[in-house]
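Welcome! Take a look at the model below, and then we will walk through it together, starting with what sits inside.

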Amino acid sequence: MRRLLGSLLLFAGGIGIGVWGSSVVRQSLDQKHDEKIFESEQAADRAQTAPLTKSAVPAHPAALPARHSGIVARLSIPRIQLRAMVREGDDDGTLDVALGHIPGTAFPGQRGNVGVAGHRDRLFRRLAEVGKGDEIRLETPSATYRYRVDEMSIVSPKAVSVLAAGRGAELTLVTCYPFYYIGPAPKRYIVKAHLIAPGAAGGVLAGSLP
């Protein structure tokens, strides 16, 4: 009986590892696919702005929520060596393969609070290593926005006020907490940052935020 139980546990463990491994591979493939589309859109946007003269006013570089690809931005956090694509939506299907722009929050380039969610055991697994003063970058096909981390906090899932818009341009990263909790985690880990430098790709500075 003990031998049978051990065999069953090994079998279940093998299935679990296989499922996890396949999900990691799918995430990697989807990220590479999204990055290729993003860079294609980025090249197209740069080509459109290339003929601008010094007196021309560039179009506002806010991310377009209606982009056919569904890709909102590319998020980078140098501190934890993270570079990941951000898709529109915060459902499990999206967060299994990417970071997700939380519907109803601002888009990069807009005044307000840009909300980005991620799974604690996937792309945001090292989010707890991010500290005050660290830099976070959000790239759209036409602009790069730099943010400085202000604070980290642990809140209830009902604390939706963390996504409320303040006076300026903000970024809020959200994941589940504790990071190594078994099953649905009871809390949310929050990283809040403020915009320090908006600028368009290709060296053309963005206009003032609305």
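A nonpolar core is a set of buried Ala, Val, Leu, Ile, Met, Phe, Trp, Tyr and Cys residues joined through side-chain atoms within 4.5 Å. Keep in mind that this is a predicted model. Its largest nonpolar core has 31 residues, and L75, I136 and L173 are those with the most contacts inside it. Strands β1 (71-77), β2 (82-88), β4, β5 (135-140), β6 (143-155), β7 and β8 (187-200) each supply at least two residues of this core. Another core, of seven residues, lies apart from it, with L95, A117, V155 and V174 among its members. As a general point, nonpolar side chains in soluble globular proteins tend to be buried together.

Which residues does L173 touch, leaving aside its neighbours within four places in sequence? Its contacts are L75, I77, V116, F124, L127, I136, Y189, I190 and V191.

Now to two strands that both feed the core. Six of the six residues of β4 (residues 112-117) are buried, so this strand is largely enclosed by the rest of the structure. For β7 (residues 169-177), seven of the nine residues are buried, so β7 too is largely enclosed. β4 pairs with β7 in the parallel sense over six bridges. β4 also has a partner in β3 (residues 99-101), which runs antiparallel to β4 and is joined to it by two bridges. You can trace these pairings through residues that stand opposite each other:

| Residue in β4 | Residue opposite | Strand of the opposite residue |
|---|---|---|
| V116 | H101 | β3 |
| V116 | L173 | β7 |
| V114 | L171 | β7 |

Next, a residue in a helix: E39 lies in α1. Is E39 buried or exposed, or something in between? With a relative accessibility of 39%, E39 counts as partly exposed, because that value falls between the 20% limit for buried and the 50% limit for exposed. In sequence, E39 and P141 are 102 residues apart, yet their C-alpha atoms are 7.2 Å apart in space.

Finally, how confident is the prediction? The chain has a mean pLDDT of 81, and 73% of its residues reach 70 or more. Confidence is highest in β3, at 98, and lowest in helix α1 (residues 2-49), at a mean of 68. Over residues 51-64 the pLDDT stays under 50, and the model has 21 contacts beyond four places in sequence for them. Residues 202-210 also have pLDDT below 50, with 20 contacts beyond near neighbours in sequence. Where pLDDT is low, the predicted coordinates should not be read in detail.

Technical notes: Residues are numbered from 1 along each chain as its sequence is written. This is a predicted model: local features need pLDDT of at least 70, side-chain atom pairs count only at pLDDT 80 or more; totals for chains, interfaces and linings use all residues. Side-chain values use heavy atoms; hydrogens and water are left out. Buried means under 20% relative accessible area, exposed over 50%, partly exposed in between (1.4 Å probe, protein chains only). Helices (H or I, at least four residues) and strands (E, at least two) are DSSP runs, numbered from the N terminus. Two strands pair if DSSP finds at least two bridges between them. pLDDT is the predictor's confidence in each residue, from 0 to 100. Contact means heavy atoms within 4.5 Å.
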